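Me: I would like a close look at one part of this protein, taken residue by residue where that helps. Please treat the helices towards the end of the chain, and then place them in the context of the rest of the fold.

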Amino acid sequence: MDILTLAAENQQTAWQILKETGIVQTWEKAGATVNLVDSLKSGLLMKNRDIDMHIYTDKLSVAESFSVIQELAERLSFKEIHYKNLIDTEEECIEWHVLYEHNNRDTWKFDMIHIRKGSRYDGTVERVTDAITERLTPEIRKKILQLKQEIPNSITIPGIEIYHAVFEGDVSSYEELEQCRKNHPLINSLDWLPQDLQNPVPRTK
């Protein structure tokens with residue numbers, strides 16, 4: 001199947017899952033603001049079936065966050081739920097990573113990051129996602145999708161490192177991607193914004 005067709009189908013399925021599950025509406029009913037980020041928002045969703053969302057409330061309450069997850073778990077086909085309490089760190093968030101079985105077939109992962117409004121990283125990932133989306137050309141988009149498809153299933157590379165390698169290093173193959181990650185690593189993903197491909201880092205063969 002053509003890479004763009006496959007990406008479009010993944011994108012359509014993800015939006016359908018969001019509609020069917022009502023996860024966004026459940027958080028909003030609890031008083032939260034929900035922002036979709038990363039691959040689904042930018043149209044770069046490939047073989048990793050991840051739906052990323054940042055969820056904002058005025059304060060962070062473990063009990064209230066748990067209550068939303070409990071409501072979702074009682075009515076949806078959640079297979080695994082992972083919880084991480086980072087309230088007392090600079091991230092000021094609660095992380096939920098959930099595996100959801102769609103139509104008794106495909107497994108999708110929801111990364112739901114519950115963040116305090118006004119915290120240090122409020123809106124950071126949203127700005128990166130928007131910047132990536134604004135700078136995508138058909139050529140760059142296809143290059144990123146192809147790289148995501150080429151990465152072996154046994155290897156996990158954060159999407160932000162792929163975007164960094166394409167925008168800053170103009171990589172076009174998995175081999176070049178690994179070289180770029182080695183020679184020009186992304187030091188802090190929260191501080192990076194993509195630039196236009198005018199002054200890329202020289203490729204290292």
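The reply below begins with confidence, moves to the helix packing, and ends with the cores.

Reply: The model is predicted, and its confidence should be considered before any geometry. The mean pLDDT of the protein is 92, with 95% of the residues at 70 or more. One stretch departs from this: over residues 197–205 pLDDT stays under 50, although the model still has 21 contacts there beyond four places in sequence. Where pLDDT is low, predicted coordinates should not be read in detail.

The part in question can be described around helix α7, which spans residues 159–169. Its packing against helix α6 (residues 138–150) brings the two axes within 10 Å, with a crossing at roughly 135°. An angle over 145 degrees would count as roughly antiparallel; α6 and α7 are therefore oblique to each other. Their crossing is right-handed. On the α6 side, the residues involved are Ile 140, Lys 143, Ile 144, Leu 147 and Lys 148, and they meet Ile 162, Tyr 163, Val 166 and Phe 167 of α7.

Helix α5 (residues 124–135) also packs on α7, at an angle of about 40° and with the axes 12 Å apart. Angles under 35 degrees count as roughly parallel, so α5 and α7 are oblique to each other. This crossing is left-handed. Val 128, Ile 132 and Arg 135 supply the α5 side of the contact, while Ile 160, Tyr 163 and Phe 167 supply the α7 side. Tyr 163 and Phe 167 thus appear in the contact with α6 and again in the contact with α5.

A further partner is helix α8 (residues 174–183), whose axis lies 10 Å from that of α7 at an angle of about 90°. The two helices are therefore roughly perpendicular to each other. Here α7 contributes Glu 161, Ile 162, Ala 165 and Gly 169, which meet Leu 177, Cys 180 and Arg 181 in α8. Ile 162 is also among the α7 residues that meet α6.

The loop between α7 and α8 holds Asp 170. Its phi is near 55°, a positive value in a residue other than glycine. Most residues other than glycine have a negative phi. Asp 170 counts as partly exposed because its relative accessibility is 24%. Elsewhere, Glu 92 also has a positive phi, of about 45°, and is placed in the loop between β3 (78–86) and β4. Glu 92 is partly exposed, with a relative accessible area of 22%.

The cores give the wider context. The largest nonpolar core has 26 residues, and Ile 23, Trp 27, Ile 51, Met 53, Phe 110 and Met 112 have the most contacts inside it. At least two residues each come from α1 (3–21), α2, β1 (33–37), β2 (50–57), α4 (62–75), β4 (93–102) and β5 (106–116). The greatest share is that of β4, with four residues. A second, separate core has 24 residues, including Leu 44, Ile 132, Ile 140 and Trp 192. Of these, Ile 132 belongs to the α5 contact with α7, and Ile 140 to the α6 contact with α7.

Within the largest core, Trp 27 sits in helix α2 (residues 23–29). Trp 27 is buried, as its relative accessible area is 2%. Beyond four places in sequence, Trp 27 has contacts that include Val 34, Ile 55, Leu 72, Trp 96, Met 112 and His 114. The C-alpha atoms of Trp 27 and His 114 are 9.8 Å apart, with their positions 87 residues apart in sequence.

Conventions
Residues numbered from 1 in each chain as written. Predicted model: local features only at pLDDT ≥ 70, side-chain atom pairs only at ≥ 80, totals over all residues. Heavy atoms only, no water. pLDDT = per-residue confidence, 0-100. Contact = heavy atoms within 4.5 Å. Buried < 20%, exposed > 50% of the residue type's maximum accessible area, 1.4 Å probe, protein only. Core = buried A, V, L, I, M, F, W, Y, C linked by side-chain atoms within 4.5 Å. Axes fitted to C-alpha atoms, helices over the stretch in contact; angles between N-to-C directions. Parallel < 35°, antiparallel > 145°, perpendicular 65-115°, else oblique. Left-handed = near helix turned anticlockwise from the far one by under 90°.
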